[in-house]
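Work through these exercises with the sequence and the model side by side. Try each task before you read its solution.

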Amino acid sequence: MDRFVSIRHFPAYRSVAVFLVALILLFSSNAQSQQLEATTGLIISDGWQLVEQTCTRCHSAQIITQNSGSREVWQSRIIWVQQTQGLEQLSPEILDPILDYLAQNYGQKAATRRLDLKEHLLPSNPYPTID
Ligand code: HEC
């Protein structure tokens with residue numbers, strides 16, 4: 001029956017296929033951007049060599065990779081290392097790409113605490129409340 005056209009002749013078939021291929025490429029390229037450097041464990045992405053050279057002289061990179069935070073948080077940590085642990089002043093040409101790398105690859109994590117229990121799910125409080 002001519003009214004029932006095979007899916008292969010449906011014009012959208014081709015764009016669906018292109019979309020799926022694009023999706024697969026997107027996910028596989030994401031997986032690649034998370035590759036870890038074998039010795040330091042740093043995520044391989046723009047600036048990792050600079051972090052290796054500047055930041056793993058005194059301690060392992062794990063002290064860095066176990067941390068996370070915004071650019072401002074990373075900057076304040078580096079300032080702390082400079083003021084208390086003997087890290088030298090860094091020129092903007094070194095500091096800026098390091099901060100970009102850290103904020104991009106070890107950025108602020110979403111909150112992981114669960115929400116508070118609803119009041120009706122809590123036991124009654126035996127103590128008088130002080131207002
Ligand atoms: C001159 C040596 C030195 C250099 C270079 C250095 N650090 Fe450190 N850093 C230290 C010392 C010492 C500590 C304290 C380690 C400890 O508490 O065991 C520390 C601690 C840290 C901490 C805190 C870890 C924690 O969880 O408390 C972070 C984050 C950090 N460094 C990041 C960096 C980054 C980023 C760089 C490169 C820009 C860097 N460090 C370069 C000496 C250095």
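**Exercise 1. Find the residues of the largest nonpolar core, then say which helices supply them.**

Solution. Start with the rule: a nonpolar core is a set of buried Ala, Val, Leu, Ile, Met, Phe, Trp, Tyr and Cys residues joined through C-beta atoms within 7 Å. Buried means 20 or more other C-beta atoms within 10 Å of the residue's own; exposed means 12 or fewer; partly exposed lies in between, with C-beta atoms placed from the backbone. The largest such core has 8 residues: Leu-42, Val-51, Cys-55, Ile-64, Trp-74, Ile-98, Tyr-101 and Leu-102. Helices H2 and H5 (92-105) each give at least two residues to this core. H5 gives the most, with 3 residues. Helices here are DSSP runs (H or I, at least four residues; strands are E, at least two), numbered from the N terminus. In soluble globular proteins, nonpolar side chains tend to be buried together.

This is a predicted model: local features need pLDDT of at least 70, side-chain atom pairs count only at pLDDT 80 or more, and totals for chains, interfaces and linings use all residues. Residues are numbered from 1 along each chain as its sequence is written.

**Exercise 2. Explain why Ile-98 counts as buried, and list its contacts.**

Solution. Ile-98 lies in helix H5. Ile-98 is buried because 21 other C-beta atoms lie within 10 Å. Next, apply the contact rule: two residues touch if their C-beta atoms, placed from the backbone, lie within 7 Å. Set aside neighbours within four places in sequence, and Ile-98 contacts Gly-47, Leu-50, Val-51 and Thr-54. Take Thr-54: 44 residues separate Thr-54 from Ile-98 in sequence, yet their C-alpha atoms are 8.9 Å apart.

**Exercise 3. Check the length of H5 and sort its buried and exposed residues.**

Solution. The expected span is 1.5 Å times one less than the number of residues. With 14 residues, H5 should span 20 Å; its end C-alpha atoms are 19 Å apart, so the two agree. Ile-98, Tyr-101, Leu-102 and Asn-105 are buried in H5. Down the helix axis, these buried residues fall within an arc of 95°, so they line one face. The arc is taken from the directions from the helix axis to the C-beta atoms. Pro-92 and Glu-93, on the other side of H5, are exposed. The buried residues of H5 pack against H2 and H4.

**Exercise 4. Which residues surround the ligand, and which helix gives the largest share of the shell?**

Solution. Count a residue as near if its C-beta atom, placed from the backbone, lies within 6 Å of the molecule. The ligand is surrounded by 15 residues, the closest being Cys-55, Cys-58, Val-81, Gln-85 and Leu-87. H2 (48-55), H3 (62-65) and H4 (71-85) each supply at least two residues of the shell. H4 provides the largest share, 4 residues. Gly-86 follows H4 and has a positive phi, near 85°.

**Exercise 5. State the overall makeup of the protein.**

Solution. Count the elements: 5 helices and 0 strands. Then take burial: 7% of the 131 residues count as buried. Finish with contacts: among those with a separation of 6 or more, 58% join residues 24 or more positions apart.
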